[in-house]
Amino acid sequence: MTYNTILVVEKGDNRGLYYAETENAYIFLPMHETIEDIYKTITHETFHHCFEKAEETENMDERMEEALIYNLQWAEESLV
């Protein structure tokens, strides 16, 4: 299978969702305010995919995975 990022024009309950079964990430565009915001969500969902492929999700619950992604995405600002 191939990882796919699918941009959705309808509103959803989330900004983005990743499904490991299909390797699809859905990005709900109306839930974002800027293009930079969309990029961050795409990156966030891509991290989910990478953790799944590296079989790291077996060692993390959802809360731990979300915390790790948050820290990865804000690392540059935190280090400055």
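1. Secondary structure. The chain of this predicted model holds 3 helices and 3 strands. Read from the N terminus, the elements follow the order β-β-β-α-α-α. The radius of gyration is 13 Å, close to the 12 Å that the globule rule gives for 80 residues, so the chain is as compact as a globular protein of that length.

2. Overall extent. The C-alpha trace spans about 35 × 35 × 20 Å along its principal axes. The accessible surface of the chain amounts to about 5900 Å². Carbon and sulfur atoms account for 53% of that surface.

3. Burial and contacts. Of the 80 residues in the chain, 29% are buried. As for contacts between residues at least 6 apart in sequence, 25% of them link residues at least 24 apart.

4. Largest pocket, volume and walls. The largest pocket encloses about 180 Å³ of space. Three elements each give at least two residues to its lining: strand E2 (16-19), helix H1 (35-53) and helix H2 (62-73). The lining therefore draws on both strand and helix, as the runs are assigned by DSSP.

5. Largest pocket, residues. Gly-16, Leu-17 and Tyr-18 are among the lining residues, and their numbers fall within strand E2 (16-19). His-44, Glu-45 and His-48 also line the pocket, with numbers inside the range of helix H1 (35-53). Glu-62, Glu-65 and Glu-66 complete the list, and these numbers belong to the range of helix H2 (62-73).

6. Largest pocket, chemical character. Sorted by class, the lining has 4 charged, 3 polar and 2 nonpolar residues. The charged members are Glu-45, Glu-62, Glu-65 and Glu-66. Leu-17 and Tyr-18 count as nonpolar, while Gly-16, His-44 and His-48 count as polar.

7. Backbone at Glu-23. Most residues other than glycine have a negative phi. Glu-23 is not a glycine, yet its phi is positive, at about 60°. Glu-23 sits in the loop between E2 and strand E3 (24-28). Is this residue buried or exposed? With a relative accessible area of 9%, Glu-23 is buried, because the cut-off for that class is under 20%.

8. Backbone at Glu-55. A positive phi of about 60° is also found at Glu-55, again not a glycine. Glu-55 is placed in the loop between H1 and H2. Those two helices each supply at least two residues to the lining of the largest pocket.

Notes: Residues numbered from 1 in each chain as written. Predicted model: local features only at pLDDT ≥ 70, side-chain atom pairs only at ≥ 80, totals over all residues. Heavy atoms only, no water. 1 Å grid on protein atoms, 1.4 Å probe; cavity = no way out; pocket = protein on both sides within 12 Å on 5 of 7 lines; lining within 4 Å. Points joined across faces, edges and corners; volume = space filled by probe spheres on them. Helix = DSSP H or I, 4+ residues; strand = E, 2+ residues; numbered from the N terminus. Rg over C-alpha atoms; globule rule 2.2 N^0.38 Å. Buried < 20%, exposed > 50% of the residue type's maximum accessible area, 1.4 Å probe, protein only. Contact = heavy atoms within 4.5 Å. Areas by Shrake-Rupley, 256 points an atom, 1.4 Å probe, with all protein chains shown as cover.
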